[in-house]
Number of protein chains: 2
Amino acid sequence: MNQELKPIRNLIDQLARLPGLGPVSSRRIVLDLLKSRNGRMSEIATAMQNVAASVKNCSICGNFSADDICPICVSAERSSHEICVVQDVSDLWAMERAGAFKGRYHILGGLLSMLDHIGPEELRIPALLQRVAEDGIEEVVLALSATVDGQTTAHYIAGQLSARGVRVTQLGQGVPMGGELDLLDGGTITAAMISRRPY
Amino acid sequence: MNQELKPIRNLIDQLARLPGLGPVSSRRIVLDLLKSRNGRMSEIATAMQNVAASVKNCSICGNFSADDICPICVSAERSSHEICVVQDVSDLWAMERAGAFKGRYHILGGLLSMLDHIGPEELRIPALLQRVAEDGIEEVVLALSATVDGQTTAHYIAGQLSARGVRVTQLGQGVPMGGELDLLDGGTITAAMISRRPY
């Protein structure tokens, strides 16, 4: 009954497992690519192989990098005394888009989670403690999600660092830009009230 | 500012141009693939290259095919006297999923469009007329979209075929399965009223 060819079927199945895609959107993408077959399909395949072949993880911070050490860790313009701890590279990208931090990063690669049996050793927490001990770090900014796992992880790291004489901070909580008060949850409003400032 | 690597940036840009995707969903997909880098990224690239290398168009009906002639046109189980005319391969797949047609297909590759300067020669209409003239076709089912361009194309093809003594039909119009009357447009209700049947 199914007249889709096997290689096409295989490609649709693989794309359908990507985040945000399903069988229908995946089929639509493959059909679109098939119509300009000699063009974009090969281009995208080549682009993927380039990424797979050339991208590795920075040995210091865990960021994606073409070299052993990423451009941020190499850059002389960025303070080497401040580390911003983030969950994933996507968070690093978000921080860089905001442009609000001029130090270096440390990517945990996940969050502590009792349910998923993820402990400190599964994350890059030991590497963080080692960096703080060895590299003359003065401040560690915890930029983790305001979720239970995020705050558990922040609490654990802050505890580990407290004995080392390093300043540990975390991102401020409050009303987001453009946020309408009547649409915000109680937790956010409480946090904003606690961190209120003189006008 | 932008710390995304060039090959990653390139891949995100390419995926963002696919139908249904944009820069945000594309970035999410690439990040997901990067996390399991040695696995799925290469797999998908290989799957795409397989498709690009192995899939061509059936020389008779225009369907995607690994061989010169597609499985539907080759099949002895399918009537060679009936042709269902569809706009694109996606429509052929939709027809096959429904399983309501046991003849063969002809894919136009588009619809006539004054605005886009698409005339009969840009589509596979001459090939259709030739098939009808040479292959002993008895019925041509026009399964084109119920849009202006779709109905213009159906009208043109029906006109071309009328002189050749072949039966030309089109898909029935009416209330879709599960359709709620108060949500249907007036055109559909009119079409359903015209094609009403004894209960």
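Student: What makes helix α7 of chain A a helix that lies across strands, and at what angle does it run to β5(A)?

Tutor: In this predicted model, helix α7 (residues 148–162) of chain A lies across β3, β5 (139–142) and β6 of chain A, and its direction is at about 165° to β5(A). The elements are DSSP runs numbered from the N terminus, a helix being H or I over at least four residues and a strand E over at least two. Axes are lines fitted to C-alpha atoms, for helices over the stretch in contact, and angles run from 0 to 180 degrees between N-to-C directions. Contact means heavy atoms within 4.5 Å.

Student: How should the numbering and the reliability limits be read?

Tutor: Residues are numbered from 1 along each chain as its sequence is written, while chains are lettered from A and ligands numbered from 1 in the order in which they are written. Local features need pLDDT of at least 70, side-chain atom pairs count only at pLDDT 80 or more, and totals for chains, interfaces and linings use all residues, with side-chain values taken from heavy atoms and hydrogens and water left out.

Student: How do you know which strands of chain A are edge strands?

Tutor: Two strands pair if DSSP finds at least two bridges between them. The open sheet of four strands has the order β4-β3-β5-β6 (chain A), with parallel pairing. In that order β4 (104–107) and β6 (167–170) of chain A each pair on one side only, which makes them the edge strands. Neighbouring strands in this sheet are turned by 25° against each other on average, direction ignored.

Student: What makes β3 and β4(A) a pair, and over how many bridges?

Tutor: Strand β3 (residues 82–86) of chain A and β4(A) share four bridges in the parallel sense; the rule asks for at least two, so they pair. One bridge joins A:V85 to A:H106 in β4(A). Helix α5 (residues 89–98) of chain A packs on the sheet, where it touches β3 and β4 of chain A, with its direction at about 155° to that of β4(A).

Student: Why do β4 and β6 of chain B have a side without a neighbour in the sheet?

Tutor: Chain B has an open sheet of four strands in the order β4-β3-β5-β6, paired in parallel. Its strands β4 (104–107) and β6 (167–170) stand at the edges with a single partner strand each, so one side of each is left without a neighbour in the sheet.

Student: Why is the contact between A:K35 and B:D88 called a salt bridge?

Tutor: A salt bridge is a side-chain nitrogen of Lys or Arg within 4 Å of a carboxyl oxygen of Asp or Glu. The side chains of A:K35 and B:D88 meet at 3.1 Å, N to O, so the pair satisfies the rule. Between chain B and chain A the count is two salt bridges. Among the elements giving two or more residues to the side of chain B that touches chain A are α1 (6–16), α2 (23–35) and α3 (37–54) of chain B. The largest share, 14 residues, comes from α3(B).

Student: What makes A:D13 and A:R9 a salt bridge, and how far apart are their closest N and O atoms?

Tutor: Their closest N and O atoms are 3.1 Å apart, and they form a salt bridge. Both A:D13 and A:R9 lie in helix α1 (residues 6–16) of chain A, four residues apart, about one turn of the helix. Over all chains the count is ten salt bridges.

Student: How many residues does each chain bring to the contact between chain B and chain A?

Tutor: In contact are 56 residues of chain B and 56 residues of chain A.
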